[in-house]
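Please walk through this structure by its charged side chains, then its cysteines and one surface patch.

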Amino acid sequence: MLSGLEKQPFDPNLLVGFDKADDAGVYRLRDDLALVQTLDFFTPIVDDPFDYGRIAALNSINDVWAMGGTPITAMAITCFPKKGVDFSILTEIMRGGLSVLTQNKVALVGGHSVDNEQIMFGYSVTGVIDPIKVATNAGAQLDDVIILTKPIGTGVISTGIKRAKASAEVVAESLATMLTPGKYAAEAISKFGVRGATDVTGFALFGHAWEMACASGVTIEIDSARVPLINGALELAARGLLTSGDRTNREYVGAEVEAASTVDPNLVKLFYDPQTAGGLLLSISQEKAEDLLAELRQNYPRAEIIGRVIERGAKAIIVR
């Protein structure tokens, strides 16, 4: 879609635009200050409106954290029907989102609402960062290792919720995963000088790893056995409780993935599973990896080294 637009005039202050499919845009204001800007909203994935608001807020803010930035303001985006749904539901959604913004010292400065049959909610978030400390999906270097901060599986679990097939225990773990903020990872990005980072959201583990590999001009090799999963997610995938994102993410990545025949096909389904408020995918030198992992596990106990960066080959992603 974007390929049909005219090329933007060159602006030396636009440090990160839409050309590399990164998590947020970065625009330099002065040598030591840049804006980080992002926008995200989506349909409900849990039953409780308060939790939906909280998840939507974190999902949006995480894009700023994924760049290593500090979020400062947010604007709400709401699609909600004028008739048929009690407005108290919208109040709860907004209350949940505001609770997360307040916890993370992000000021709500306004927003926009549209009458729509399908409920959707999210935020446009602005953050700040020192331009020399920006982490992008183009920052993966040869011989780096790849770390994932949170387990995956929220997409199939949301489908399980909609079809009343997910147990209370599985739903609780998925909710806890989504509600774990990315700010601690952002602090670690700054502390360890991480330059290769992206968050794993709608395009799934494969989609975002593919974007990182392409932007960095490398191949990412994933050890399938080391990828952390939310308990119960693999069983739901095996039962076919997939989102529409399974198909669209396969189309998005195309033929750029090569998986060994020994890899469980149901596990591969989870690698195409779209995530909400997912973990960060970090690329860092082997020398710093264990120290970074130890730091991350103080807040992300399931953080794991899931792969490595190798020379660009015939495929962008190789799965062992």
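The paragraphs below take salt bridges, then cysteines, then the patch.

This is a predicted model, in which local features need pLDDT of at least 70 and side-chain atom pairs count only at pLDDT 80 or more, while totals for chains, interfaces and linings use all residues. Residues are numbered from 1 along each chain as its sequence is written, and side-chain values use heavy atoms, with hydrogens and water left out.

Start with charge. Side chains of opposite charge can pair when their charged atoms come close. The structure holds 12 salt bridges (a side-chain nitrogen of Lys or Arg within 4 Å of a carboxyl oxygen of Asp or Glu). One of them joins Glu221 to Arg308, at 2.7 Å from N to O. This pair links distant parts of the chain: Glu221 is in strand β9 (residues 218–222) and Arg308 in strand β12 (residues 304–311), 87 residues apart. Strands here are DSSP runs of E, at least two residues; helices are runs of H or I, at least four; both are numbered from the N terminus.

Glu221 counts as buried because its relative accessibility is 12%. Arg308, at 43%, counts as partly exposed. The cut-offs are under 20% relative accessible area for buried, over 50% for exposed, and partly exposed in between (1.4 Å probe, protein chains only).

Which residues are linked with Glu221 in a network of salt bridges? They are Arg308 and Arg320. Arg320 follows β13 (317–319). Its side chain makes a polar contact with that of Glu221, at 3.1 Å (a pair of N or O atoms within 3.5 Å; within protein, one must be able to donate a hydrogen and the other to accept it, and residues adjacent in sequence count only if both atoms are side-chain atoms). Arg320 is partly exposed, because its relative accessibility is 47%.

Other bridges sit elsewhere. Arg250 and Asp246 meet at 3.1 Å, N to O. Both lie in helix α8 (residues 245–253), 4 residues apart, about one turn of the helix. Asp246 is buried at 13%, whereas Arg250 is partly exposed at 33%. Arg312 bridges to Glu256, with the closest N and O atoms 2.9 Å apart. Arg312 lies in the loop between β12 and β13 and Glu256 in the loop between α8 and β10 (257–259), so the pair ties together parts 56 residues apart in sequence.

Now the cysteines. The count of disulfides is 0 (cysteine sulfur atoms within 2.5 Å). Cys79 is buried at 10% relative accessibility, and Cys214 is partly exposed at 39%.

Last, the surface. Tyr27 is in strand β2 (residues 25–30). At 31% relative accessibility, Tyr27 counts as partly exposed.
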